[in-house]
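Hi,

Here is the structure I promised to send over. Have a look at it first, and then read on for what turned up.

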Amino acid sequence: MRTRVAGVLLAVLALTVTTACSSEDGAAGSEPAAKAEAAADRVEPLADTPAPRLPVTVRSADGRKVTVRDAQRIVPLSGSLSEIVFTLGLGDRVVARDITATFAQAEKLPVVTRNHDVSAESVLSLKPDLVLAETTTGPDEAMDQIRDAGVPVLVVDPAKGLDDVGPRIGTVARALGVPAAGEELTKRSEDRIAAVRKDIPKKTDRPRVAFLYLRGTASVYLIGGKDSGATSLLEAAGAVDGGAESGLEKDFTTITTEALAKAAPDAILVMSKGLESVGGIDGLVKIPGVAQTPAGMERRVVSIEDGVLLNYGPRTDEVLKSLVDQLYGDTK
């Protein structure tokens with residue numbers, strides 16, 4: 001299920017990122033959302049560019065031992081992994097991008113995925129000396145073809161929550177021969193997340209938030225459950241994941257009036273392009289059951305950029321801040 005849903009999510013992240021619905025009437029926190037998306041369009045590298053010390057041998061999440069002898073031509077096959085490499089200060093070594101790498105520094109790189117599938121031919125044509133992948137990266141045949149060509153492929157465990165920020169940065173940094181830079185970036189990221197959490201209002205009821213995955217062009221309307229990836233972020237913002245709290249066990253479940261009634265969200269969390277795909281807030285409240293929720297009645301929607309919402313990486317503090325600003329607004 002996770003692999004299938006990951007593919008669906010990657011498909012929506014493939015869309016070009018733009019600021020969505022800032023002009024929608026009644027959109028809660030639309031101005032902070034627009035500002036956050038503008039800021040989130042770039043990553044912030046460490047001040048000092050590290051010098052990789054290679055070779056190194058690291059253990060991949062697929063159980064293999066991977067020896068990295070050089071890291072002059074890196075191909076990260078997810079937006080999240082691209083963010084980490086660029087933020088470590090090694091972006092000038094990245095020679096290609098996945099469709100989900102939507103930040104400004106990567107936008108001119110050649111894309112080596114079609115929809116959410118890796119093109120082995122495209123990757124190999126760039127002569128990489130290291131490929132970084134997620135456990136959901138595929139198809140398997142393409143990844144095997146890359147390995148068979150002698151290219152080291154490091155598979156990284158998926159991000160499920162805030163606790164994964166440091167370990168993922170550390171894994172990539174060790175593979176690139178810059179462990180000290182990884183520790184520095186981990187500390188910076190965790191400190192910034194902690195600073196945002198300190199600013200969350202203490203004298204307020206915890207809002208219930210439902211995470212909806214929307215792709216109107218494909219008639220896909222899903223509500224997130226306990227394994228959607230959003231629970232950790234919502235809890236860090238002082239909120240309750242309405243879908244998970246209502247007993248939804250799957251990653252995602254088709255939206256129904258009953259499911260929304262049980263989730264009873266005070267606010268709805270969406271990806272910005274997903275919201276745009278259903279016609280903004282006006283279209284969102286037309287989805288059966290949405291208008292009957294407290295969130296729908298108040299038109300209280302939190303919109304975060306597709307390419308960064310669930311990355312759990314160096315920009316998660318920006319995501320969390322946008323979420324907090326939109327959720328609490330003038331009550332802060």
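Phe252 has 5% relative accessibility in this predicted model, so with the cut-off for buried at under 20% it counts as buried. Its ring has two aromatic partners worth showing you, Phe211 and Tyr213.

With Phe211, the ring of Phe252 makes an edge-to-face pair, with 5.8 Å from centre to centre and 65 degrees between the planes. Phe211 sits in strand E8 (residues 208-215) and Phe252 in strand E11 (residues 252-254), so this pair links parts of the chain that are 41 residues apart. Phe211 is buried too, at 1% relative accessibility.

What about Tyr213 and Phe252? Their ring centres are 6.2 Å apart and the planes meet at 65 degrees, which makes this pair edge-to-face. Because Tyr213 lies in strand E8 and Phe252 in strand E11, the pair ties together parts 39 residues apart in sequence. Tyr213, at 2% relative accessibility, counts as buried.

Taken together, Phe211, Tyr213 and Phe252 form one aromatic cluster. The structure holds three aromatic pairs.

A word on confidence before you zoom in. The mean pLDDT of the chain is 88, and 87% of the residues reach 70 or more. Over residues 1-8, however, pLDDT is below 50, and the model gives this stretch eleven contacts beyond near neighbours in sequence. Residues 10-40 also stay under 50, with 69 contacts beyond four places in sequence. Where pLDDT is low, the predicted coordinates should not be read in detail.

Best wishes

Methods. Residues numbered from 1 in each chain as written. Predicted model: local features only at pLDDT ≥ 70, side-chain atom pairs only at ≥ 80, totals over all residues. Heavy atoms only, no water. pLDDT = per-residue confidence, 0-100. Contact = heavy atoms within 4.5 Å. Phe/Tyr/Trp six-rings, centres within 6.5 Å; stacked < 30°, edge-to-face > 60°. Helix = DSSP H or I, 4+ residues; strand = E, 2+ residues; numbered from the N terminus. Buried < 20%, exposed > 50% of the residue type's maximum accessible area, 1.4 Å probe, protein only.
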